[in-house]
Amino acid sequence: MRAVINKMSLKFDSRSVNEGFARQAVGAFVAQLDPTMEELGDLKTAVSEAVTNAIVHGYADRRGAITVTVRLFEGRALEVKVKDAGRGIDDIERARQPLFTTGDDTRSGMGFTIMETFTDKLRVRSAPGRGTVVTMVKVLKEREA
């Protein structure tokens, strides 16, 4: 990947009220790359899904910490990592299938599908009992002068 031009990291409790905070903070930080409104909306939605997964699935039965790290690269590229130390994912491939959920019937099972749709690259690393790291990469379109 290209040279890093800026980066930031946030750490917060796995409380549902913090999902909106993470979404807005990432959006504000990425704004320096001058994304389109559509790109910004897509990215904020992907971040919301990743953070919500960490809260609902990673820490389903307890509170824990979630870390969101954003790196901005030359060439209008960015990387967002959402990390938790929760219960982890037993079968990542199965978890990435549309409509699969380990949550209750209020969960759509579309989190990873949405993240994949709104980013250029999605990587999921997880170990049962040790947590999950979701890495999303997006390259923003060049803006016309």
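**Exercise 1. How many aromatic pairs does the structure hold?** Find the rings and work out how they sit.

*Solution.* Keep in mind that this is a predicted model.
- Step 1: the structure holds one aromatic pair, made by F12 and F21.
- Step 2: look at the geometry. The ring centres are 6.1 Å apart, with 90 degrees between the planes. Planes over 60 degrees apart count as edge-to-face, so that's the label for F12 and F21.
- Step 3: check the surroundings. F12 has a relative accessible area of 7%, so it is buried. F21 comes out at 42%, so it counts as partly exposed.

**Exercise 2. Trace the sheet: what is the strand order, and which strands are at the edges?**

*Solution.*
- Step 1: walk across the open sheet. Its five strands go β1-β2-β3-β5-β4, and the pairing is antiparallel.
- Step 2: pick out the edges. β1 (4-13) and β4 (121-127) each pair on one side only, so they are the edge strands by the pairing rule of at least two bridges.
- Step 3: count bridges. Nine join β1 to β2, eight join β2 to β3, and seven join β4 to β5 (residues 131-139).
- Step 4: anchor the register with a few partners. D13 stands opposite A65 in β2, V70 has V80 in β3 as its bridge partner, and A127 is matched with G131 in β5.
- Step 5: add the twist, which averages 10 degrees from one strand to the next.

**Exercise 3. Which residue takes a positive phi in the hairpin of β2 and β3?**

*Solution.*
- Step 1: find the two strands, β2 (65-73) and β3 (77-84).
- Step 2: go to the turn, with three residues between the strands.
- Step 3: read off the phi values there; G75 takes a positive one near 85 degrees.

**Exercise 4. Describe how α1 and α2 pack, then place α2 on the sheet.**

*Solution.*
- Step 1: recall that two packed helices are described by the angle and the distance between their axes.
- Step 2: apply that here. The axes of α1 (residues 17-30) and α2 (residues 37-58) come within 9 Å and cross at roughly 145 degrees. The crossing is right-handed.
- Step 3: sort the contact by class, and you get eight nonpolar, five polar and three charged residues.
- Step 4: list some players. From α1, they include A22, V26 and V30; among those they meet in α2 are L40, L43, V47 and I55.
- Step 5: now the sheet. α2 lies across β1, β2, β3 and β5, running at about 15 degrees to β3.

How values were computed. Residues are numbered from 1 along each chain as its sequence is written. This is a predicted model: local features need pLDDT of at least 70, side-chain atom pairs count only at pLDDT 80 or more; totals for chains, interfaces and linings use all residues. Side-chain values use heavy atoms; hydrogens and water are left out. Axes are lines fitted to C-alpha atoms, for helices over the stretch in contact, and angles run from 0 to 180 degrees between N-to-C directions. Helices (H or I, at least four residues) and strands (E, at least two) are DSSP runs, numbered from the N terminus. A crossing is left-handed if the near helix is turned anticlockwise from the far one by less than a right angle, and right-handed if clockwise. Contact means heavy atoms within 4.5 Å. Ala, Val, Leu, Ile, Met, Phe, Trp, Tyr, Cys and Pro count as nonpolar, Asp, Glu, Lys and Arg as charged, and the others, Gly among them, as polar. Rings of Phe, Tyr and Trp (its six-membered ring) pair if their centres lie within 6.5 Å; planes under 30 degrees apart count as stacked, over 60 as edge-to-face and the rest as tilted. Buried means under 20% relative accessible area, exposed over 50%, partly exposed in between (1.4 Å probe, protein chains only).
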